[in-house]
Amino acid sequence: MVRPQFEAHRALWSSKITNAQLNERVDAFGGGISRMFWEDSDVLLLLNDGSEFLIADLALTKYSIAAMTLCSPKLLSHVPETHPPTAIITDTKFIPLLLKVIYNAREYDHKSQSLGNPDDLYMLAFFEAPSGRMQAVRFTHENMTFGVAAIRTLFPPSMALSGVDIIVSNHSLSTPYGLAIAYSALHENASFATIDSTRLYNVTRVGVTQSLMDAMQLRNGQPHNLADMLSARRHPIPYPTVFFIGLDHLEDSSSSILRHAGESWLYSFVWKHKLAAFAEGFLSKDSLWGRTVFDHAWEHVLGDMANALKDVIISGGPISSEVFTPAQIALSISMINVHVNPWVSGPVFATQSFNAQVLPSGHEPVHVGGPSIDVEAKLKGVKGTYLEDNKNPVREIVVHGPTVGASVGEEAKNVA
């Protein structure tokens, strides 16, 4: 993923680093851990997003040591009991709490072979299912590589990712999709950072007498709003050109832009003009009427980011057309709506970046496009009467492909 032919510096969170320097740090860290662990070891990465996470993950990969990640901090009390790791890489401030967790964990006869072929294993991702049950999914090197490829194909050749891009994400590196986004940036030598809501652990609150839940900053408690988006400015990176955001980020930022634009007496006229142009497939920030009214709103809400931002990728749930269409006009840039799943390292479904459909108003969710590259999707249990009556079938979707992980303890089938 880290290509040596790129010699220019790029920003990773608060650090400016070249690929050569990054490889040196990976080699130094990897050289140490390779003497401590064997190839069939499992190492839990209990870190917030940052360059330390990437360096640790790259070092583990180099020496064929599987990484374990938690998509939610609530799982920390369960994983040491059911899937005890060989070692844990974490912040020094988090050690007192970890000692409690390890002490309280039951002894467990851990069998590495139950995870499949260790040579092919890249990471184990633990997440909480909608039922509340913990699930563990194994991802191979192939799964993650195809995940990076799928993310890169979200962007057409005319807008392909490159070393001049600054990518900011709202997906934690502890998730397979979030890690694939980070490696997409590494592959293109682009700058990269994540926003505040990706922090899974608040190590500054850890105390010797604290309970597990008291010491944790749960991700669900983080506000996913405009302020969260703007938290990227805390890092000494240029203004983002590509932003991976959630539904709440989109709704808060677009409504703020429209609210400030609505203060102009020309707003109604300009809104109708942009909506009519959008219906014809034309969307631009550079139109005369758009700049007359929206320039000030963009600058007021997004600051200098407004001029740099060129792509927004939204995920996180169904989006109603009442939110999505106004947001497209408010931002007036390429917007890609994707569906993601913790079983898949890349997008499952994705719209085209040049998609400019004006959907009817209402609470009906907008479409998420067709299956992503190398993903095969099938709707199970659809009766012929649904199609004859022109109904929208609601059934279980089964996906298959090289980006799909496998449940721990099962043979890898790339099906979810």
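Which residues of helix 13 are buried? The legends below take up this and other views of a predicted model.

**View 1. Helix 13 is largely enclosed by the rest of the structure.**
The buried residues of helix 13 are S321, V323, F324, T325, A327, Q328, I329, A330 and L331. That makes nine of the eleven residues in the helix, which spans residues 321-331, so the surrounding structure largely encloses it. Several elements help to cover these buried residues. Among them are three helices: helix 9 (247-261), helix 10 (267-279) and helix 11 (288-302). Strand 11 (311-315) and strand 12 (334-339) also belong to the cover. After helix 13 comes S332. The phi of S332 is positive, near 55 degrees.

**View 2. Six strands make an open sheet.**
Read across the sheet, the strand order is 5-3-4-6-7-17. The pairing is mixed. Strand 5 (87-90) and strand 17 (406-407) are the edge strands, and each pairs on one side only. In general, the strands of a sheet pair through backbone hydrogen bonds, either parallel or antiparallel.

**View 3. Strand 7 meets strand 17.**
Strand 7 covers residues 134-140. Two bridges join strand 7 to strand 17. The two strands run antiparallel. Look for R138: it stands opposite A406 in strand 17.

**View 4. Helix 2 and helix 6 pack on the sheet.**
Helix 2 (residues 51-62) touches strand 3 (42-46), strand 4 (66-70), strand 5 and strand 6 (121-128). The direction of helix 2 makes about 170 degrees with that of strand 3. Helix 6 (residues 176-187) touches strand 6 and strand 7. The direction of helix 6 makes about 135 degrees with that of strand 6.

**View 5. L379, V382 and I397 form a nonpolar patch on the surface.**
Together, these three residues have about 200 Å² of accessible area. L379 lies in strand 15 (residues 376-379). Is L379 buried or partly exposed? L379 is partly exposed, because its relative accessible area is 32%, and buried means under 20%.

**View 6. The whole chain, for context.**
The protein chain has 14 helices and 17 strands. Of its 416 residues, 53% count as buried. The chain exposes about 19300 Å². Carbon and sulfur atoms supply 53% of that area. Now take the contacts between residues at least 6 apart in sequence: 70% of them join residues at least 24 apart.

Notes:
Residues are numbered from 1 along each chain as its sequence is written. This is a predicted model: local features need pLDDT of at least 70, side-chain atom pairs count only at pLDDT 80 or more; totals for chains, interfaces and linings use all residues. Side-chain values use heavy atoms; hydrogens and water are left out. Helices (H or I, at least four residues) and strands (E, at least two) are DSSP runs, numbered from the N terminus. Buried means under 20% relative accessible area, exposed over 50%, partly exposed in between (1.4 Å probe, protein chains only). Contact means heavy atoms within 4.5 Å. Accessible areas come from the Shrake-Rupley method with a 1.4 Å probe; for residues, only the protein chains shown count as cover. Patches are made of residues with over 30% relative accessible area and no salt bridge: like charges are joined within 9 Å, nonpolar side chains (Val, Leu, Ile, Met, Phe, Trp, Tyr) within 5 Å. A salt bridge is a side-chain nitrogen of Lys or Arg within 4 Å of a carboxyl oxygen of Asp or Glu. Two strands pair if DSSP finds at least two bridges between them. Axes are lines fitted to C-alpha atoms, for helices over the stretch in contact, and angles run from 0 to 180 degrees between N-to-C directions.
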